[in-house]
Amino acid sequence: MTFAQRGPGSGAALLGLGALRRLPPEARPLVRPGTVPAGIMHLGLGAFHRAHQAVYTEAAIAGAGGDWGIIGVAPRSPDLVAKLAAQDGLFSVTTLSGAGARTRVVGALAGVRHAAADPAAIVALLADPAIRVVTLTVTEKAYQLDPASGRLRPDDAVAADLTTDRPPLTVPGLLVRGLLARAAAQAGPLALVSCDNLPSNGKRLRGLVTQSLEYAGVPAGAAEWVHGNVTFPGTMVDRIVPASTADTLATAERALGVADLAAVAGEPYLQWVIEDDFPAGRPAWERAGAVLTDDAGAWERLKLRTLNGVHSATAYLGALAGRETIAEALEIPYLREVLRRLIAEDVEPSFTPPDGVSTVEYGESVLERFANPAIGHRTIQVAMDGSQKLPQRVLHTILDRRAAGAQPRWATLVVAAWIRFVQGRSDDGAELPLNDPLAGQIRAALTDARPGPEGVVDALLGLDAVFPAELADDDVVRALVVEWLTGLDEHGVEATIGGVLR
C-alpha cells in the first residue's frame with residue numbers, strides 16, 4: 001500500500017509506509033513496520049491495545065531492541081483488520097489534554113489477522129516458537145467466566161469449540177487449540193498475559209485455560225505440558241481510551257497530513273504494572289515506563305476499585321441524569337463529593353494499597369483525569385456490560401467492608417444506580433440501552449419482580465451470576481440498596497444526592 005492511495009471521503013493520502021516521509025518528524029513511528037520480527041501475538045486489536053500495549057512495546061523495542069513485533073489479531077472485526085492492512089500496520093495515537101492534542105504514528109505491528117476468517121492461522125501462530133508472549137484485551141465477557149465465582153460458564157459456541165473439531169471461533173477455543181498445537185510441536189514455553197480489567201487477571205486466565213482443558217477432555221500429557229510450560233503473569237493496565245469517532249480521524253489527519261482510518265485517542269496518563277514471569281523472555285517494557293513486579297495484586301485492586309469502580313459510578317449516575325460524557329457527569333451538583341466519599345469511606349479501607357501510595361490521593365487524581373473535557377468518554381460506553389464489571393469494580397469493596405462490620409453506604413449507591421439504569425429509562429424518561437451479555441436474564445428478573453423498589457432489588461440481587469450469596473442475603477446491603485433506589489426512583493439523581501449532602 002503506497003502513499004498514493006487515498007482515504008475515503010477526505011481526499012488526503014492514506015497513511016502507510018510510503019507516506020512516512022510526508023509526516024512531521026515528531027509524528028513518525030519509533031519503529032518501522034517490517035523491520036522487527038514478531039515475538040508477540042495480541043488477541044483483541046481494539047482501541048485500548050493500540051493506545052496502550054502497542055505504545056509500550058514500540059518504545060521498548062526502540063530503547064532496547066529485540067524481536068518483539070506484534071501480530072495483532074481481531075477476533076471479530078474484519079473492517080479494522082482491512083484498514084490496518086491497507087496502512088501497512090501503521091496507526092496513530094492522539095494524546096488529548098486541556099492544553100491541546102499531540103499525534104504520533106505507532107509502528108509496533110508486524111502483521112494483522114482476522115481470527116474468524118482464518119482460525120487455523122491463529123492456532124498456528126500460537127504454536128509458532130517465534131511467538132513467546134501472547135497478550136489479551138478481549139473484555140471481561142470474552143473469558144466466559146462467571147464474574148462472581150470465576151468458574152467457566154461456556155455458551156454454545158465455547159462448548160462447540162472445546163468438544164468438537166470445528167474451527168475455533170471463541171477466545172477459549174483459540175487458546176486451547178493453539179496451546180495443544182504448541183504442546184504437540186514442543187515449540188517452547190510461552191507467557192499468556194491478560195490485560196483486561198479482571199480481578200487477579202493472571203489467575204483468572206490460568207483458571208480459564210485449566211478449566212477449558214478439563215472441559216475439552218484433553219489427554220493428560222498435553223495438559224501437563226501446558227501447566228509446565230505456560231505462565232500467566234498478572235497485570236494492571238491504565239489509560240482512558242474512548243471509542244474512536246469521526247473527530248478522532250479528523251484530528252489525526254490534521255496533525256499528520258494523511259488520512260488514518262485506524263486512529264485512536266487517549267488521555268496523557270498511562271500505566272502498566274506487570275508480574276515479571278516470562279519463561280521465554282519479553283520486551284524491555286521497563287524502558288518504556290512499565291513497572292515490573294513480583295505481585296501486581298495491590299496495584300490491580302487500587303485501579304479496579306478506585307478508578308474503574310468510580311468510573312462505573314459516574315457512568316450510571318451520569319447516564320441517569322442525562323449527561324452524555326463522564327466529564328459532563330462530574331458537573332452534576334454534589335457528585336464529586338459523593339465520589340470522594342465513596343473513595344474515602346468505602347474503597348480506601350477495603351484493601352491495602354501498594355507501598356507508598358495513598359488511595360485517597362490516587363482517587364483525587366482519578367477525578368482530575370475524568371474531568372478532562374477533551375476525552376469525551378461517553379457514559380453509555382462505560383456503563384455497558386455492567387453484570388461483568390460490577391463484581392470486581394464495586395461488589396468486592398462491599399463484601400470486604402461488610403466483612404469488617406461496616407455499612408458501605410456509597411458503594412451500595414452504585415449498585416442502586418446500576419439497578420435503575422438496567423430498567424431502561426433516565427430521569428427525564430429517555431431510553432437507556434441494555435448492552436450486556438446477561439441482558440436476557442436481567443430483563444426476565446425485572447419482568448418477574450414484585451412492584452416497587454424492594455421487589456426490583458430482590459429480583460436483581462437474586463442473579464447469582466452477578467451477586468454472590470453472601471451479598472444477596474445480607475440484610476444490611478439490601479436495605480441500603482433499597483433506600484438508594486427508592487430515592488433515585490422518586491427524585492432522580494440530582495435531588496437524591498443533593499438531598500443527602502446539601
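**Exercise 1. Determine which residue of β7 V134 stands opposite, and place β7 in its sheet.**

Solution.
Step 1. V134 stands opposite L192 in β7. In the same register, L136 stands opposite S194. Strands here are DSSP runs of E with at least two residues, helices are runs of H or I with at least four residues, and both are numbered from the N terminus. The model is predicted: local features need pLDDT of at least 70, side-chain atom pairs count only at pLDDT 80 or more, and totals for chains, interfaces and linings use all residues. Residues are numbered from 1 along each chain as its sequence is written, and side-chain values use heavy atoms, with hydrogens and water left out.

Step 2. Strand β6 (residues 133-136) pairs with β7 in the parallel sense over 4 bridges; two strands pair if DSSP finds at least two bridges between them. β7 also pairs with strand β8 (residues 230-231), again parallel, over 2 bridges, and A191 stands opposite T231 in β8.

Step 3. The open sheet has 6 strands in the order β5-β2-β1-β6-β7-β8, with parallel pairing. Its edge strands are β5 and β8, each pairing on one side only.

**Exercise 2. State how many residues of strand β7 (residues 190-194) are buried, and how they divide between its faces.**

Solution.
Step 1. Buried means under 20% relative accessible area, exposed over 50%, and partly exposed in between (1.4 Å probe, protein chains only). By this rule, 5 of the 5 residues of β7 are buried.

Step 2. In a regular strand the side chains alternate between the two faces of the sheet. In β7, L190, L192 and S194 lie on one side and A191 and V193 on the other.

**Exercise 3. Describe the packing of α16 against helix α20 (residues 475-501).**

Solution.
Step 1. The axes are 8 Å apart and the angle is about 80 degrees. Axes are lines fitted to C-alpha atoms, for helices over the stretch in contact, and angles run from 0 to 180 degrees between N-to-C directions.

Step 2. Angles under 35 degrees count as roughly parallel, over 145 as roughly antiparallel, 65 to 115 as roughly perpendicular and the rest as oblique. α16 and α20 are therefore roughly perpendicular to each other.

Step 3. Contact means heavy atoms within 4.5 Å. Residues making this contact include W410, L413 and I419 of α16 and L480, W484 and L488 of α20.

**Exercise 4. Find which helix gives the most residues to the largest nonpolar core.**

Solution.
Step 1. A nonpolar core is a set of buried Ala, Val, Leu, Ile, Met, Phe, Trp, Tyr and Cys residues joined through side-chain atoms within 4.5 Å. The largest one has 76 residues, of which L342, F370, W418, I419 and L460 touch the most other members.

Step 2. Helix α16 (residues 409-422) gives the most, with 11 residues.

Step 3. Leaving out residues up to four places away in sequence, L342 touches V310, A313, V347, W410, A411 and V414. Apart from this core lies another, of 37 residues, among them L125, L174, V209 and L213.

**Exercise 5. Decide whether T248 is buried or exposed, and list its contacts.**

Solution.
Step 1. T248 is in helix α9 (residues 246-256). Its relative accessibility is 12%, so T248 counts as buried.

Step 2. Aside from neighbours within four places in sequence, T248 is in contact with A243, A263, V264 and A265.
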